[in-house]
Amino acid sequence: SPPEDYTPAGSEAALPAPGCFGVGQAGDLNIYTTGTPGAKAIIVCPEVFGWGGRLKGICDTLAGEGYFVVMPDFHRGTTAAGQPDFGAWVNQYTWESHIKNDFQNVFDFLSSQGATDIGAMGFCWGVWALSKASSEGFGLKCGVGPHPSTRLEGMMGGDEAAMMAKLHMPVLLLPAGDDPDNVKPGGAVAESVIAKGGASEPFPEMKHGWVSRGALSDAAVKRDVEGAITKAIDFFKKHM
């Protein structure tokens, strides 16, 4: 797990979009890339606080395991911080308005870089994004989701249970103690994930957001951040 004063090893650039699919402008999606392009790639889907916290360092850690890693800025430089109405903000970036097109552009980019096996790791909102992508037919090999917020599907007018039932890949959920019961073992979302070859492995002492933003000065947080990243890497190696 990268330290608090970590200097990212990757680079930021606007994704060259071959077409804007009727939404926004070509090239309006910024991406952080790290690692060497190759057959195996991971899309990192951030939380609602953008690229803050340790996300770039986690991308670099995954790249160190041999993956080409791309983290899109799905929310176009905005974050949930200070938003007076979270629901209104999050619904500016729906599957149909932005995220579907973004996934297509990222898949096209990764394919152009030689990727044939593509996985995803999401944090909070990002777990909704990778789950939605799989349920809508994107060919992800597997997904990993610390502190998952798949319930956002309901906030966007969809059905969380129906979305999770349509997964086409194994997903490893890593819920915190204060995450919803349905993403923990015995819950409906966890059961859907298990049925597709995945698992739910809770970290009961942790709070939502700990992997990307928890204080590493707390020994328990440091232990469980490292534990979560290890589980994620093992899961990717098993399924990609």
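**Strand pairing, packing and salt bridges**

Visitor: How many bridges join β3 to β5?
Guide: Strands β3 and β5 run parallel. A strand is a DSSP run of E of at least two residues, a helix one of H or I of at least four, both numbered from the N terminus. Two strands pair if DSSP finds at least two bridges between them. For β3 and β5 the number of bridges is six.

Visitor: What kind of model is this?
Guide: Residues are numbered from 1 along each chain as its sequence is written, and side-chain values use heavy atoms, with hydrogens and water left out. Local features need a pLDDT (the predictor's confidence in each residue, from 0 to 100) of at least 70, side-chain atom pairs count only at pLDDT 80 or more, and totals for chains, interfaces and linings use all residues; the model is predicted.

Visitor: Over which residues is the pLDDT below 50?
Guide: The chain averages a pLDDT of 92, and 93% of the residues score at least 70. One stretch falls below 50; beyond near neighbours in sequence, that stretch makes nine contacts in the model (contact means heavy atoms within 4.5 Å). The stretch is residues 20-26.

Visitor: Which strands are the edge strands of the sheet?
Guide: Eight strands form an open sheet with mixed pairing, in the order β1-β2-β4-β3-β5-β6-β7-β8. An edge strand here pairs on one side only, and this applies to β1 and β8 (199-200).

Visitor: In β4, which residue is the bridge partner of T33?
Guide: β2 is joined to β1 (residues 11-14) by four bridges in the antiparallel sense, and A14 has N30 as its partner in β2. β2 also pairs with β4 (residues 68-72), again antiparallel, over four bridges. In that pairing, the β4 partner of T33 is V70.

Visitor: Why is β2 largely enclosed by the rest of the structure?
Guide: A residue is buried under 20% relative accessible area, exposed over 50% and partly exposed in between (1.4 Å probe, protein chains only). β2 spans residues 30-34, and it is largely enclosed because the number of its five residues that are buried is four.

Visitor: What is the handedness of the β-α-β unit made by β3, α1 and β4?
Guide: β3 (residues 40-45) runs parallel to β4, joined by three bridges. A crossover is right-handed if, with the strands pointing away from the viewer, the path from the first strand over the helix to the second runs clockwise. The helix between them is α1 (residues 55-63), and the unit is right-handed.

Visitor: What angle does α9 make with β7?
Guide: Axes are lines fitted to C-alpha atoms, for helices over the stretch in contact, and angles run from 0 to 180 degrees between N-to-C directions. Helix α7 lies across β7 (171-174) and β8, at about 150° to β7. Helix α9 (residues 219-239) packs on the sheet and touches β3, β5 (117-122), β6 (143-146) and β7; with the direction of β7 it makes about 175°.

Visitor: Which residues does S192 touch, not counting residues up to four places away in sequence?
Guide: S192 belongs to helix α7 (residues 188-195) and is buried, at 18% relative accessible area. Its C-alpha atom is 9.8 Å from that of P170, 22 residues apart along the chain. The residues that S192 touches are M164 and A165.

Visitor: How far apart in sequence are the parts tied together by E12 and K56?
Guide: The structure holds 13 salt bridges, each a side-chain nitrogen of Lys or Arg within 4 Å of a carboxyl oxygen of Asp or Glu. K56 is buried, with a relative accessible area of 16%. E12 and K56 form one of these bridges, with closest N and O atoms 2.3 Å apart. E12 lies in β1 and K56 in α1, so the separation of the parts is 44 residues.

Visitor: Is D181 buried or exposed?
Guide: D181 forms a salt bridge with K184, whose closest N and O atoms are 3.8 Å from each other. K184 counts as buried at 16% relative accessibility. D181 has a relative accessible area of 60%, so it is exposed.

Visitor: In which helix does R223 lie?
Guide: R223 is partly exposed at 42%, whereas its salt-bridge partner E205 is exposed at 57%. The closest N and O atoms of E205 and R223 are 3.3 Å apart. E205 lies in the loop between β8 and α8 (210-213), and the helix that holds R223 is α9.
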